[in-house]
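Here are my notes on the model you sent over. Have it open while you read, and go point by point.

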Amino acid sequence: GLAKRKELKQALETSYNLNQSSTYMLDLMKTIYIAENKSAGGYDSYLNNLKSVSGQEELKTKIRQMLISKDAPGFKLLDQNGNTVTLESQRGKVVVLDFWASWCAPCKAAFPGMKLAVDHFTKDPDVAFFFVDTQEKRTDIKEYVSKYMLENSYPFTVLLDANSEVSKKFGVGPIPHKIIVDAHGKIRFSEVGYMGSPSELSDEIIEMVNVLREEK
């Protein structure tokens with residue numbers, strides 16, 4: 001009944017406030033919100049009000065401390081649809097590179113959080129996301145990637161780093177490894193690993209991108 005729903009709603013809101021929401025929890029929150037408000041209007045501002053202000057300030061501070069600056073090596077790779085992508089052609093945009101592999105469980109576990117970030121910038125022409133498949137053991141990787149992205153509804157452009165040349169140039173060892181290149185072709189963020197919260201990951205990526213966009 002109603003009491004149970006109220007309890008569930010509070011638990012979900014607390015998780016969101018602490019930034020530990022899974023995508024399943026986020027979907028559930030939206031369902032409850034629509035049930036209570038008869039529409040999804042105002043949902044985004046409802047979410048923003050839940051975010052702890054101190055948490056957001058902490059995140060901003062943490063992100064600014066992570067800033068680095070070094071030249072990004074150029075690359076030219078094919079995506080899963082056979083299109084050629086170069087880093088040079090992305091100049092002027094903030095470029096998020098997510099190095100992953102089909103055998104890497106934490107890489108895949110981070111995808112729902114990355115999807116939240118990709119969706120956030122989906123209408124923004126100045127931000128590009130590329131998921132660089134590297135250190136790969138499969139021979140059918142192109143087919144595998146196309147199928148995997150389709151089955152999971154991930155709107156990702158995957159670049160195929162066939163002999164791991166590009167990841168070596170970028171100094172990538174353990175994966176997942178996320179590297180963010182600014183509009184001037186400099187590596188500004190470089191982060192290894194995944195901590196396990198989709199909402200936290202997407203907030204972090206969104207904040208990193210925003211910091212670089214404010215610099216212009």
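**Helix packing and a cavity**

1. Let's start with α6 and α9, bearing in mind that this is a predicted model. On the α6 side the contact is made by Pro112, Gly113, Met114, Leu116, Ala117 and His120, and these meet Pro198, Ser199, Leu201, Ser202, Ile205 and Ile206 of α9. Sorted by class, that contact comes to 8 nonpolar and 4 polar residues, with no charged ones.

2. How do these two helices lie? The axes of α6 (residues 111-120) and α9 (residues 198-214) come within 7 Å and cross at roughly 40°. That angle is why α6 counts as oblique to α9. As for handedness, α6 goes past α9 in a right-handed crossing.

3. Now for the pair α2 (residues 23-37) and α3 (residues 43-50): here the axes come within 11 Å, with a crossing angle of roughly 120°. These two helices are therefore oblique to each other, and their crossing is right-handed.

4. Which residues do the touching there? From α2 you have Leu26, Met29, Lys30 and Tyr33, and they meet Tyr43, Tyr46, Leu47 and Leu50 in α3. The split is 7 nonpolar, no polar and 1 charged.

5. Last, the empty space. I'd flag 1 cavity of 30 Å³ or more in the structure, and the largest cavity holds about 30 Å³. Around it sit Leu87, Gln90, Arg91, Lys93 and Val95, along with Val181, Asp182, Ala183 and Gly185. That lining is a mix: 4 nonpolar, 2 polar and 3 charged residues.

Note on methods
Residues are numbered from 1 along each chain as its sequence is written. This is a predicted model: local features need pLDDT of at least 70, side-chain atom pairs count only at pLDDT 80 or more; totals for chains, interfaces and linings use all residues. Side-chain values use heavy atoms; hydrogens and water are left out. On a 1 Å grid over the protein atoms alone, a cavity is a set of points where a 1.4 Å probe fits but cannot get out, and a pocket is an open set with protein on both sides within 12 Å along at least five of seven lines; lining residues have an atom within 4 Å of a point. Grid points are joined across faces, edges and corners, and a volume is the space filled by probe spheres set on the points. Ala, Val, Leu, Ile, Met, Phe, Trp, Tyr, Cys and Pro count as nonpolar, Asp, Glu, Lys and Arg as charged, and the others, Gly among them, as polar. Axes are lines fitted to C-alpha atoms, for helices over the stretch in contact, and angles run from 0 to 180 degrees between N-to-C directions. Helices (H or I, at least four residues) and strands (E, at least two) are DSSP runs, numbered from the N terminus. Angles under 35 degrees count as roughly parallel, over 145 as roughly antiparallel, 65 to 115 as roughly perpendicular and the rest as oblique. A crossing is left-handed if the near helix is turned anticlockwise from the far one by less than a right angle, and right-handed if clockwise. Contact means heavy atoms within 4.5 Å.
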